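Please read this report with the sequence and the model side by side. It moves from single residues to helices, cores and confidence.

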Amino acid sequence: MAGGAVCGEAGLDARLKAFVGRTAATAGVGKDPVNLPMIRHWCEAVGDTNPAYTGDAAIAPPTMLQAWTMGGYSGHTGRFGAHDELFALLDGAGYAAVVATDCEQEYLRPLRPGDEITFDSVIEDVSDRKTTKLGAGYFVTTRMDVWAGDELAGTHRFRILKYAPAAPAARKPASKGSSDLSDLSDSSNSSNSGGSEDSRGAVPRRPRPVINRDNAGFWAGVEERRLLIQRCGGCGRLRFPWLPGCNACGGQEWDTVEASGAGTVFSYVVMHHPPFPAFDPPYAVAVVELAEGVRMVSDVVGVGHDEVRVGMPVRLEFQRVDEELVLPVFRATEPGPPDTGPRGEAGQAPGVAAG
């Protein structure tokens with residue numbers, strides 16, 4: 001197994017299971033009480049204009065539950081050693097890579113500015129050894145109970161995969177002189193041939209978008225090489241991504257406007273790890289601010305990952321990546337301004353995923 005993992009190590013599963021139920025933290029204290037500045041920053045970052053989160057009677061967005069427990073770069077003091085012991089055991093067995101997989105939250109009481117937060121944490125589950133596309137490993141679930149005074153405000157379950165990275169799949173060599181787009185299209189097409197001998201070792205297909213009744217119109221527009229933005233029929237506000245109702249006025253009626261295609265890089269992250277099938281790290285994923293004022297996540301093409309800059313002008317293109325899928329991407333139209341600060345690196349920046 002990669003990374004020095006010991007295949008069939010006697011008793012490893014039992015040793016891991018012994019951590020289930022052990023305490024990871026007791027009466028941890030949030031570094032700040034619930035406060036309006038953090039609520040405002042959160043709402044601005046996600047574009048949430050719900051009036052419940054402003055004014056004298058404001059509450060915190062429920063999805064901020066974990067934010068009030070975070071220790072920042074300096075971390076928390078007084079944490080029990082069980083969590084670190086579990087990770088050290090997994091690391092020593094070769095399962096040293098980590099990727100977050102999912103979280104579940106339950107909200108029991110609204111949090112309000114001034115609430116003092118405490119939290120308890122327990123190792124709730126360690127799975128049997130699993131084999132995934134990333135590699136073999138163990139899913140570790142931690143449950144955190146978040147308290148406001150003596151009232152339970154909510155619970156947060158966070159699940160990660162600790163794994164030994166699988167060997168990278170063989171990549172189809174690019175034809176001499178071919179462009180980035182044709183390479184991607186060719187390799188994607190070959191990987192769609194139903195698992196034939198010729199397709200073995202080819203780059204897997206890009207992940208399929210989740211299309212439902214709320215966003216089907218957007219993807220239909222992409223197939224027609226049109227980038228459509230929703231416009232509220234009540235207040236006229238433009239919104240992206242597509243939603244069933246307006247997050248400004250609550251209106252249910254809407255139509256669409258077609259984006260001009262002009263935009264700038266608002267922020268970006270360079271993905272290095274973990275490797276995902278069909279993506280070749282390092283690569284840049286950007287939040288692009290369209291000329292119409294909405295923002296969307298997409299790829300920046302035409303420049304290297306190390307050339308992407310905040311403020312870089314880009315222009316919409318549509319890229320066919322295989323016989324089924326067309327994606328909107330943005331091509332750099334001119335060099336961006338000098339890089340004046342650290343860019344995001346995968347694992348250290350907000351969760352931005354390539355699509």
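In this predicted model, a polar atom of the Lys162 side chain lies 3.4 Å from the backbone oxygen of Ala96, and the side chain of Lys162 also makes a polar contact of 2.5 Å with the side chain of Asp91. Lys162 has its place in strand 6, and with a relative accessibility of 3% Lys162 counts as buried. Beyond its neighbours within four places in sequence, Lys162 is in contact with a list of residues that includes Phe87, Leu90, Tyr95, Val98, Ala136 and Tyr138.

Two of those partners, Phe87 and Leu90, lead to helix 3, which spans residues 82-92 and in which Ala82, His83, Leu86, Phe87, Leu89 and Leu90 are buried. These residues cover an arc of only 155° around the axis, so they sit on the same side of helix 3. As a general point, an α-helix has 3.6 residues a turn, so residues three or four places apart point the same way. The cover over the buried residues of helix 3 includes helix 1 (12-17), strand 1 (23-29), strand 3 (117-126), strand 5 (135-148) and strand 6 (151-165). After helix 3 comes Gly94, with a positive phi near 100°.

Within helix 3 is Ala82, which counts as buried because its relative accessibility is 3%, under the 20% that marks the limit. Leaving out neighbours within four places in sequence, the contacts of Ala82 are Phe19, Arg22, Thr23 and Ile123. Although Ala82 and Ala25 are 57 residues apart in sequence, their C-alpha atoms are 9.0 Å apart in space.

Is Glu116 buried or exposed? Glu116 is exposed, since its relative accessible area is 51% and the limit is over 50%. Glu116 is found in the loop between strand 2 (97-107) and strand 3, where, apart from residues up to four places away in sequence, Glu116 touches Pro33, Trp147, Ala148 and Gly149. Glu116 and Lys31 are 85 residues apart in sequence, while the distance between their C-alpha atoms is 9.1 Å.

Further along the chain, Gln230 lies in strand 7, which covers residues 228-232. Gln230 is buried, because its relative accessible area is 0%. The side chain of Gln230 reaches the backbone nitrogen of Leu243 at 2.7 Å, and among the other residues that Gln230 touches, setting aside those up to four places away in sequence, are Arg237, Pro241, Trp254 and Asp255.

The table below sets out the polar contacts described so far.

| Side chain | Partner | Distance |
|---|---|---|
| Lys162 | Asp91, side chain | 2.5 Å |
| Lys162 | Ala96, backbone oxygen | 3.4 Å |
| Gln230 | Leu243, backbone nitrogen | 2.7 Å |

The largest nonpolar core has 29 residues, and those with the most contacts inside it are Leu227, Val265, Leu290, Val314 and Phe330. At least two residues of this core come from each of helix 5 (216-223), strand 7, strand 10 (262-271), strand 11 (283-290), strand 12 (295-301), strand 13 (313-320) and strand 14 (326-332). Apart from this core lies another, of 17 residues, which include Ala60, Leu111, Met144 and Ala148. Leu290 touches Leu227, Ile229, Ala259, Ala262, Gly263 and Phe330, residues up to four places away in sequence not being counted.

In helix 5 the buried residues are Phe218, Trp219, Gly221 and Val222. They lie on the same side of helix 5, because the arc they cover around the axis is only 155°. These buried residues pack against strand 7, strand 13 and strand 14, and helix 5 is followed by Arg225, whose phi is positive, near 60°.

Seen as a whole, the protein chain has five helices and 15 strands, and 37% of its 355 residues are buried. Of the contacts between residues at least 6 apart in sequence, 66% join residues at least 24 apart. The accessible surface comes to about 18,900 Å², with 54% belonging to carbon and sulfur atoms.

Confidence should be kept in mind when reading the model. The protein chain averages a pLDDT of 82, and 80% of the residues score at least 70. Over residues 171-200, however, pLDDT stays under 50, and the model has 38 contacts beyond four places in sequence for this stretch. Residues 341-355 also have a pLDDT below 50, with 27 contacts in the model beyond near neighbours in sequence.

Conventions: Residues numbered from 1 in each chain as written. Heavy atoms only, no water. Helix = DSSP H or I, 4+ residues; strand = E, 2+ residues; numbered from the N terminus. Buried < 20%, exposed > 50% of the residue type's maximum accessible area, 1.4 Å probe, protein only. Contact = heavy atoms within 4.5 Å. Areas by Shrake-Rupley, 256 points an atom, 1.4 Å probe, with all protein chains shown as cover. Polar contact = N/O pair within 3.5 Å; in protein donor to acceptor, adjacent residues only side chain to side chain. Core = buried A, V, L, I, M, F, W, Y, C linked by side-chain atoms within 4.5 Å. Arc of directions from axis to C-beta. pLDDT = per-residue confidence, 0-100.
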